[in-house]
Amino acid sequence: FGAPQTVPLRRQVRLGAATHQKRLFDAAEPLYQQTFLSHFDSLTPEYEMKIAQLQPAQGQFDFTIADQIVAFAEANGKQVRGHTLIWGNSLPAWLTGRTWTREELLQVLENHIATVVGRYRGRITEWDVVNEAFLDDGTWRQNLWLTTIGPEYIARAFQAAHRADPAAKLFYNDYSIERINSKSNAIHTLATSLLAQGVPIDGIGMQAHVSPNYYPTQAQLEAVLSRLEAAGLEGQLTELDVNLTQLADTPAAEKFELQAQIYQGMVAACQARPGCTRITTWGITDKYTYLGSAGAPLLFDTQYGPKRAMEVTRRIL
Ligand code: XIL
């Protein structure tokens, strides 16, 4: 007999979903939790870990719901993607209702991150540290953090998160960067510059909110993932959904087949690239999506039945 054939282990790209805690814990909606537990390895709280929810008043944190979500994930062997520490949206009134000096806002930024990441040290394994800091043309988005602190807020956020949990993987997260373009180029330049300065960043989260009007082919997405790998960075699809609103008048079978083809190219690109470690869809079922019912963007239909997109995804992963 020859040497036993070693079958290369298929690299396991983890499949995650954004969850809404009201539905996750709704006894009247058991299929929501059941579908999550059966098909997904990780969850991203859709809004429950944003600044407005966790720090509703300055220095007053409310972790009640976030604790429930993390405890549920741990009890079921699921990972949690923390989303998101620093963003220009979902800001509470105490932050937006006054002016700040640069030093004051830096203290707010570092205290928020130290408190939140520190609380879940060793329990939340990945964080979207900074979300949506760029405009589509590759220039800075003028949010509160940028206008008060300057571009350095990004490096300071990553450094604060790393101090609070050195083992957590830290991501920069944004949308419309799933192809080589002005925005993904600017983000790549930022990320490689941070690494060169010794700022801890592990990867780029591509939100991947796409549609038949805008989506990357497998080759286009692989090109972005390869570029990240060459820089020592992970890539993830962090908020994947394929919005069909524009095809409202297209017969269901036809539009869901097109949707499945779009999913297929992106999932295959991630499976093909060693640096792509997780695909997270921005929700579980078309019954609940922030895009509204016409979007029908997710892997399970409004009755929690698997769609063509789920069939092709499962075949690849
Ligand atoms: C959205 C959630 O889906 C909504 O429930 C919430 O009201 C607003 O935020 N990009 C992001 C996500 O990074 O945090 C946003 O999620 C969708 C766009």
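The shell of residues around the ligand is made up of 3 nonpolar, 4 polar and 4 charged residues. The model described here is a predicted one.

**The ligand and its surroundings**

Glu46, Lys50, His83, Trp87, Asn131, Glu132, Gln207, His209, Glu239, Trp282 and Tyr290 surround the ligand. For several of these residues, a distance between a polar side-chain atom and a ligand atom is available, as the table shows.

| Residue | Ligand atom | Distance |
|---|---|---|
| Histidine 83 | oxygen | 2.7 Å |
| Glutamine 207 | nitrogen | 3.3 Å |
| Tryptophan 282 | oxygen | 2.9 Å |

On its own, the ligand has 420 Å² of accessible area, and the protein covers 74% of that area.

**Backbone features**

Histidine 83, whose side chain has an N or O atom 2.7 Å from a ligand oxygen, also takes part in a cis peptide bond. This bond leads from histidine 83 to threonine 84, and its omega is near -10 degrees. Threonine 84 belongs to strand S3, which comprises residues 79-86.

A further backbone feature concerns alanine 208. This residue is not a glycine, yet its phi is positive, at about 60 degrees. Alanine 208 is found in the loop between strand S6 (203-206) and strand S7 (209-210).

**A pair of packed helices**

Helix H11 spans residues 252-272 and helix H12 spans residues 308-316. The two pack with their axes 8 Å apart, at an angle of about 20 degrees. Angles under 35 degrees count as roughly parallel, and H11 and H12 are therefore roughly parallel to each other. Their crossing is right-handed.

Conventions
Residues are numbered from 1 along each chain as its sequence is written. This is a predicted model: local features need pLDDT of at least 70, side-chain atom pairs count only at pLDDT 80 or more; totals for chains, interfaces and linings use all residues. Side-chain values use heavy atoms; hydrogens and water are left out. A residue is near a molecule or strand if one of its heavy atoms lies within 4 Å of it. A polar contact is a pair of N or O atoms within 3.5 Å; within protein, one must be able to donate a hydrogen and the other to accept it, and residues adjacent in sequence count only if both atoms are side-chain atoms. Accessible areas come from the Shrake-Rupley method with a 1.4 Å probe; for residues, only the protein chains shown count as cover. Ala, Val, Leu, Ile, Met, Phe, Trp, Tyr, Cys and Pro count as nonpolar, Asp, Glu, Lys and Arg as charged, and the others, Gly among them, as polar. Axes are lines fitted to C-alpha atoms, for helices over the stretch in contact, and angles run from 0 to 180 degrees between N-to-C directions. Helices (H or I, at least four residues) and strands (E, at least two) are DSSP runs, numbered from the N terminus. Angles under 35 degrees count as roughly parallel, over 145 as roughly antiparallel, 65 to 115 as roughly perpendicular and the rest as oblique. A crossing is left-handed if the near helix is turned anticlockwise from the far one by less than a right angle, and right-handed if clockwise.
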